[in-house]
Amino acid sequence: TTLDCFKTEIIAPARQMGARVELYKGSTLYENSTPLGIFSHTDALKEFSIERMGEDGKFFGFGVCQKLQTTLIDKERAINVETDNYLEVEFGVGCEYIYPYPLFRVEDVKRNETNNDITIVAYDPIYDSARHKVSELTVAKPYTIKDFVISCATLMGLPLRIDPAAESAF
């Protein structure tokens, strides 16, 4: 399994893990997105970093989110990244990849004409949640935690898949 591959790689004396960044256009829902490109260290991916950030927000009472900054090399000017695009980071061993982070919405794109770099800043969905207020939620009273979660996901345009086994948790 993928998990077994990663466990083996983590304890190996020489790690050979890879990473790549996928670019999508369209909705944050996977099935409504169009893949625009996959970039790895063997082609355009120069670097990326993911950091926690945020300050007190209005929606959940905190704004801790993750910020992705990535740099792509684009000598041929063939890569076009816009602020309605999404990025997804993957880590892999061989042909097995895992997706440990959510989709990141592109917030800023800067092209450096001198060195052919595109620097992209993107944030996870919690960043967008700070733009909302509880009063924007459409949830009937009285409501359950599950109702609240569904309302939050709907307001932010996020996919929500609740495993039937998780029903008892609500």
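**Entry 1: the chain as a whole**

I began with burial and noted that buried residues, meaning those under 20% relative accessible area (exposed is over 50%, partly exposed in between, with a 1.4 Å probe and protein chains only), make up 34% of the 170 residues in the chain. I kept in mind that this is a predicted model, in which local features need pLDDT of at least 70, side-chain atom pairs count only at pLDDT 80 or more, and totals for chains, interfaces and linings use all residues. I also noted that residues are numbered from 1 along each chain as its sequence is written, and that side-chain values use heavy atoms, with hydrogens and water left out.

I then listed three helices and eight strands, taken as DSSP runs numbered from the N terminus (helices H or I with at least four residues, strands E with at least two). From the N terminus on, I read their order as α-β-β-β-β-β-β-β-β-α-α. Counting a contact as heavy atoms within 4.5 Å, I found that 54% of the contacts between residues at least 6 apart in sequence join residues at least 24 apart.

**Entry 2: the nonpolar core**

I looked up the largest nonpolar core, a set of buried Ala, Val, Leu, Ile, Met, Phe, Trp, Tyr and Cys residues joined through side-chain atoms within 4.5 Å, and it has 16 residues, with Phe39, Leu72, Ile79, Val81, Leu87 and Ile120 having the most contacts inside it. Two or more residues of this core come from each of β1 (18–26), β4, β5, β7 and β8, and β8 gives the largest share, three residues. I followed Leu87 further and, leaving aside neighbours within four places in sequence, found Leu87 in contact with residues including Val21, Leu23, Leu68, Phe104, Val106 and Ile120.

**Entry 3: aromatic pairs**

I found two aromatic pairs, where rings of Phe, Tyr and Trp (its six-membered ring) pair if their centres lie within 6.5 Å, and planes under 30 degrees apart count as stacked, over 60 as edge-to-face and the rest as tilted. Phe48 and Phe91 have ring centres 6.0 Å apart and planes at 50 degrees, so I recorded this pair as tilted. The pair links distant parts of the chain, with Phe48 in strand β3 (residues 45–53) and Phe91 in strand β5 (residues 85–93), 43 residues apart. Phe48 is partly exposed at 26%, and Phe91 is partly exposed at 24%.

For Tyr143 and Phe148 I noted centres 6.1 Å apart and planes at 25 degrees, so this pair is stacked. Tyr143 is partly exposed at 43% relative accessibility, while Phe148, with 24%, is partly exposed.

**Entry 4: backbone details**

I recorded a cis peptide bond joining Lys141 and Pro142, with omega about -5 degrees, and placed Pro142 in the loop between α2 (125–129) and α3 (145–156). Arg77, although not a glycine, has a positive phi of about 55 degrees; it lies in the loop between β4 (65–73) and β5 and is partly exposed at 36%. Asn116 also has a positive phi, near 65 degrees, and lies in the loop between β7 (104–112) and β8 (117–123).

**Entry 5: Arg105**

I closed with Arg105, which sits in strand β7 and is buried, with a relative accessible area of 16%. Beyond residues up to four places away in sequence, I found that Arg105 touches, among others, Thr83, Tyr86, Tyr123, Asp128 and Arg131.
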